[in-house]
Amino acid sequence: MFWIVLILFILLSVLLTFVILMQEPKQSGLGEGMGGAGGGFDFGSRGGMASGLQRLTIYMGVSWGVLALLLQVIPR
């Protein structure tokens with residue numbers, strides 16, 4: 001059982017990395033957050049693919065956390 005969870009954990013880690021890298025950044029960096037480089041504010045008005053990727057990232061992140069906990073609980 002441990003090895004099945006470990007393999008799922010590794011696969012999910014790789015997939016989660018790719019999904020995170022596919023998302024568009026919400027801001028240009030720390031400079032914009034401190035008041036520099038102006039620009040419009042986006043208060044979660046994303047739709048379509050961006051919203052789906054964000055939701056998928058959340059689900060995959062929660063699943064990753066659950067698998068990480070299971071790896072500590074399941075005996076080898």
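In what order do the elements of the protein run from the N terminus on? They run α-α-α, and the model shown in these views is a predicted one.

**Figure 1. Overall view of the predicted model and its secondary structure.** The secondary structure of the protein comes to three helices and zero strands. The protein has 76 residues, of which 17% count as buried. Its accessible surface comes to about 6200 Å², and carbon and sulfur atoms account for 70% of that area. When contacts between residues at least 6 apart in sequence are considered, 90% of them join residues at least 24 apart.

**Figure 2. Helix α3 and its buried residues.** Helix α3 covers residues 49-73. Its 25 residues should span 36 Å at 1.5 Å a residue, and because the end C-alpha atoms are 36 Å apart, the model agrees with this expectation. The buried residues of α3 are Ser51, Leu53, Thr57, Met60, Leu67 and Leu71. Helix α1, residues 2-22, is included in what covers them.

**Figure 3. The largest nonpolar core.** This core has 11 residues. Its members are Phe2, Val5, Phe9, Leu12, Leu16, Val19, Leu53, Met60, Leu67, Leu71 and Ile74. Helices α1 and α3 are the elements that give two or more residues to the core. The largest share, six residues, comes from α1.

**Figure 4. Close-up of Val5 and its contacts.** Val5 is placed in helix α1. With a relative accessible area of 5%, which is under the 20% limit, Val5 is buried. Beyond its neighbours within four places in sequence, Val5 is in contact with Leu67, Leu70, Leu71 and Ile74. Among these partners, Leu71 is 66 residues away from Val5 along the chain, yet the C-alpha atoms of the two are separated by 6.8 Å. Both Val5 and Leu71 belong to the largest nonpolar core.

**Figure 5. Close-up of Leu67 and Leu12.** Leu67 lies in helix α3 and counts as buried, at 14% relative accessibility. Leaving aside residues within four places in sequence, Leu67 is in contact with Val5, Leu8, Phe9 and Leu12. Leu8 stands 59 residues from Leu67 along the chain, and the C-alpha atoms of this pair are separated by 7.9 Å. On the other side of the Leu67–Leu12 contact, Leu12 touches Met60, Ser63, Trp64 and Leu67, not counting residues up to four places away in sequence. Leu12, Met60 and Leu67 are among the members of the largest nonpolar core.

**Figure 6. Close-up of Thr57 and its polar contact with Gln23.** Thr57 has its place in helix α3. A relative accessible area of 16% makes Thr57 buried. Its side chain makes a polar contact with the side chain of Gln23, at 2.3 Å. Not counting residues up to four places away in sequence, Thr57 touches Leu16, Val19, Ile20 and Gln23. Of these, Leu16 and Val19 are listed in the largest nonpolar core.

**Figure 7. Close-up of Met22 and Leu53.** Met22 has its place in helix α1. This residue is exposed, with a relative accessible area of 51%, whereas Leu53 is one of the buried residues of α3. Along the sequence Met22 and Leu53 are 31 residues apart. In space their C-alpha atoms are 8.1 Å apart.

**Figure 8. Close-up of the aromatic pair Phe2 and Trp3.** A pair of aromatic rings is described by the distance of the centres and the angle of the planes. The count of aromatic pairs comes to two. In the pair of Phe2 and Trp3, the ring centres are 5.4 Å apart and the planes stand at 80 degrees, so the pair is edge-to-face. The cut-off behind this assignment is an angle over 60 degrees. Which of the two residues is buried, and which is exposed? Phe2 is buried, with a relative accessible area of 8%. Trp3 is exposed, with a relative accessible area of 58%. Phe2 is also a member of the largest nonpolar core.

Conventions
Residues numbered from 1 in each chain as written. Heavy atoms only, no water. Helix = DSSP H or I, 4+ residues; strand = E, 2+ residues; numbered from the N terminus. Expected span 1.5 Å × (residues − 1). Buried < 20%, exposed > 50% of the residue type's maximum accessible area, 1.4 Å probe, protein only. Contact = heavy atoms within 4.5 Å. Phe/Tyr/Trp six-rings, centres within 6.5 Å; stacked < 30°, edge-to-face > 60°. Polar contact = N/O pair within 3.5 Å; in protein donor to acceptor, adjacent residues only side chain to side chain. Areas by Shrake-Rupley, 256 points an atom, 1.4 Å probe, with all protein chains shown as cover. Core = buried A, V, L, I, M, F, W, Y, C linked by side-chain atoms within 4.5 Å.
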